[in-house]
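Student: Please take a close look at one part of this model for me. I would like the sheet, what packs on it, and what surrounds it.

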Amino acid sequence: MKILHISNFAFNKHGERYYSIDRKISAGLIENGHFVYDYSFRDMARMGTIFKTKKLGAGVANNEVLKIVDNLRPELVLIGHSDLLKANTLAEIRRNYPQIKIAFWFVDWLCEQSKVDFIKSLLPYVDSLFCTTGGELLKQFKLSANKISYIPNIALKSVESLVQFDKSDYLRDLVFFGTVYQDIERERFLKGLIHQIDDHFSYFGAFGTNTVYGHHYIDILASARCGLNLSRRNDIELYSSDRIVQLTGNGLLTFTPEIPGFHKLYRSDELVYFKNVQDLVEKYKYYKKNPDQARQIARNGWKKTHQSYGAARITKFMLELTFEQPFSEAYEWAHEVYV
């Protein structure tokens, strides 16, 4: 097929977000044999006016989408995080080209009303919706005429290319990436962890340390034995940031909170689950003393990520659901499909 993929590919970031999910989705679709035309909505909106502001250029970018659809005539229009895309644009695509399928993916949590409102504004024109949040927060988007589903975070072998469990020497032990800005619960958790294992814990983006992106981020992963997967919210059904695949997919022993429903995606021999700071500290110390067990869990998690949550497999699932084809295999998240 020909697929128009409208997302925010962050051309203005000069490659520092090259491991973002939009690029992985395009890569997975191409791996499955499709032609993908990437349209970076925010970048094109910025270029749409002499002031280089995305809001002023949003109208230009929406008009360009219609021109691309007319020239490309794709079988599928796939939308990512393009919050300046207008419902009227999709309505016109529907009106002029009723045979084109429209799908929508969204990988942020669904607790903020502005995000919910944006998704709902496009839903009347969307055949299928895919979110990395499950449960009731996902079900709110089910309409009579659409299909919705959870999808896991996506890995790509050419990006998540490290095999840290095969190493014997590490510059760093446990690493964490993330901020604590206006995030009291995560700040409190990390301070408790620093208090107990400070000499073995490296963090980036919190408490005055610099955030890292691009190859600098990958270099740090390549120096580490373990990683902490701690999202801003860890009580949302099946939700994690994409840090989960960046850690497991690079072969780090990955510690994660008991996220609701997450055992359906990763077993306890593929991740190390913890309940609180003290539980994490105890398990961290145990696996530091038992490196063979730690290495085996890291290897299992790496295999699960690449075998089950690779870009080609997840995008194949997305197309099967969107085009109402029978599922070609048993997907671990199929219990979160609503048709």
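Tutor: Start with a term: helices and strands here are DSSP runs, numbered from the N terminus, with at least four residues for a helix and at least two for a strand. On that basis Asp242 sits in the loop between S9 and helix H9 (243-248). The model is a predicted one. Asp242 is partly exposed, at 29% relative accessibility. Ile220 lies 22 residues from Asp242 in sequence, and their C-alpha atoms are 17 Å apart.

Strand S9 leads into the sheet. The sheet is open and has five strands, in the order S8-S7-S9-S10-S11, with parallel pairing. Strand S8 (201-204) and strand S11 (272-274) form the edges, each pairing on one side only. From one strand to the next, the twist averages 25°. Take one pair in detail. Strand S9 (residues 224-228) runs parallel to strand S10 (residues 253-257), and three bridges join them. One residue pair to look at is Leu228 with its bridge partner in S10, Phe255.

Now the helices. Helix H7 (residues 184-197) packs on the sheet and touches strand S7 (172-177), S8, S9 and S11. The direction of H7 makes about 150° with that of S8. Helix H10 (residues 277-289) also packs on the sheet, touching S7, S9, S10 and S11. Between the directions of H10 and S11 the angle is about 155°.

Next, the nonpolar packing. In soluble globular proteins, nonpolar side chains tend to be buried together. The largest nonpolar core here holds 84 residues, and Leu78, Phe104, Phe262, Tyr266 and Phe317 touch the most other members. Helix H3 (residues 58-72) gives this core its largest share, seven residues. A second, separate core has 26 residues, among them Leu193, Cys226, Val272 and Val281. Phe262 belongs to the largest core. Beyond its neighbours within four places in sequence, Phe262 contacts Tyr150, Leu238, Ser240, Ile244, Leu271 and Tyr273.

Last, the cysteines. Cys226 counts as buried because its relative accessibility is 0%, and the cut-off for buried is under 20%. Cys111 is partly exposed, with a relative accessible area of 35%. The whole structure has zero disulfides. For Cys111, the nearest cysteine sulfur is that of Cys131, 12 Å away. A disulfide needs the two sulfur atoms within 2.5 Å, so Cys111 is in none.

How values were computed. Residues numbered from 1 in each chain as written. Predicted model: local features only at pLDDT ≥ 70, side-chain atom pairs only at ≥ 80, totals over all residues. Heavy atoms only, no water. Core = buried A, V, L, I, M, F, W, Y, C linked by side-chain atoms within 4.5 Å. Buried < 20%, exposed > 50% of the residue type's maximum accessible area, 1.4 Å probe, protein only. Contact = heavy atoms within 4.5 Å. Pairing = 2+ DSSP bridges. Axes fitted to C-alpha atoms, helices over the stretch in contact; angles between N-to-C directions.
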